[in-house]
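Where do the aromatic rings of this protein meet, and which parts of the chain do they join? The walk-through below takes the rings in turn.

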Amino acid sequence: MSSQDSTTKVCCTTGKPLSDHYAGKGEVFSLSPDTKAYQAGKGNSKGILFCFDIFGFDVGNARRFADRLAEHNFNVVMPDFFKGEAWSLSNFPPKGGMSVILDWISRCGTDSVIRPNVDLGMARLRSTGATGKLGATGFCWGGAK
């Protein structure tokens with residue numbers, strides 16, 4: 001088995017996400033001057049910061065999952081952590097193996113890059129009704145060994 005095959009098997013054994021155009025039930029807004037976000041369930045007292053997978057903010061699966069959480073009475077904010085530079089569906093499985101994904105993560109997915117939007121997302125949850133505990137959940141950004 002090649003390195004690429006084992007990377008793909010560890011990362012996504014079920015294949016690519018749907019590339020549909022699900023718009024969602026929530027709203028897209030500007031979280032900061034250079035970052036948009038999606039929010040569903042505004043006003044619910046339980047808050048979740050949702051981190052989509054490497055395929056990003058604009059893939060329907062991410063908004064669909066945020067909407068499902070909102071249906072269970074969660075206030076959900078999903079910042080576009082990658083600021084429009086999500087991993088392309090056309091480049092999956094990754095051509096060039098795991099090193100290509102790790103290079104991309106070092107550019108788009110490090111703590112110093114995403115932390116400001118985590119903090120802004122949590123503040124947005126608080127300002128839109130999340131008065132209880134806040135949590136976070138999300139999906140794979142690669143890097144597993």
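What follows covers the aromatic pairs, then a cluster, then two charged side chains over rings.

This is a predicted model, and it holds 7 aromatic pairs. One of them is formed by F50 and F139, which meet edge-to-face with 5.8 Å from centre to centre and 85° between the planes. F50 belongs to strand β3, residues 46-51, while F139 sits in the segment after β5, which spans 134-138; the pair therefore ties together parts that are 89 residues apart in sequence.

The two partners differ in how much of them is accessible. F50 has 1% relative accessibility and so counts as buried, since the limit for that is under 20%. F139, at 44% relative accessibility, counts as partly exposed.

F139 also forms an aromatic pair with F65, again edge-to-face, at 5.1 Å centre to centre and with 80° between the planes. This second pair links distant parts of the chain as well: F65 lies in helix α2, residues 60-71, and F139 in the segment after β5, 74 residues apart. F65 is partly exposed, its relative accessible area being 31%. F139 is thus paired with F50 of strand β3 and with F65 of helix α2.

Elsewhere, one aromatic cluster is made up of F52, F81, F82, W87 and W104.

Two rings have a charged side chain over the face. K46 lies over F74, at 4.4 Å from the ring centre. R124 is placed over the face of F29, at 3.6 Å from the ring centre.

Note on methods. Residues are numbered from 1 along each chain as its sequence is written. This is a predicted model: local features need pLDDT of at least 70, side-chain atom pairs count only at pLDDT 80 or more; totals for chains, interfaces and linings use all residues. Side-chain values use heavy atoms; hydrogens and water are left out. Rings of Phe, Tyr and Trp (its six-membered ring) pair if their centres lie within 6.5 Å; planes under 30 degrees apart count as stacked, over 60 as edge-to-face and the rest as tilted. Helices (H or I, at least four residues) and strands (E, at least two) are DSSP runs, numbered from the N terminus. Buried means under 20% relative accessible area, exposed over 50%, partly exposed in between (1.4 Å probe, protein chains only). A charge sits over a ring if NZ of Lys or CZ of Arg is within 6 Å of the ring centre and within 35 degrees of the ring normal.
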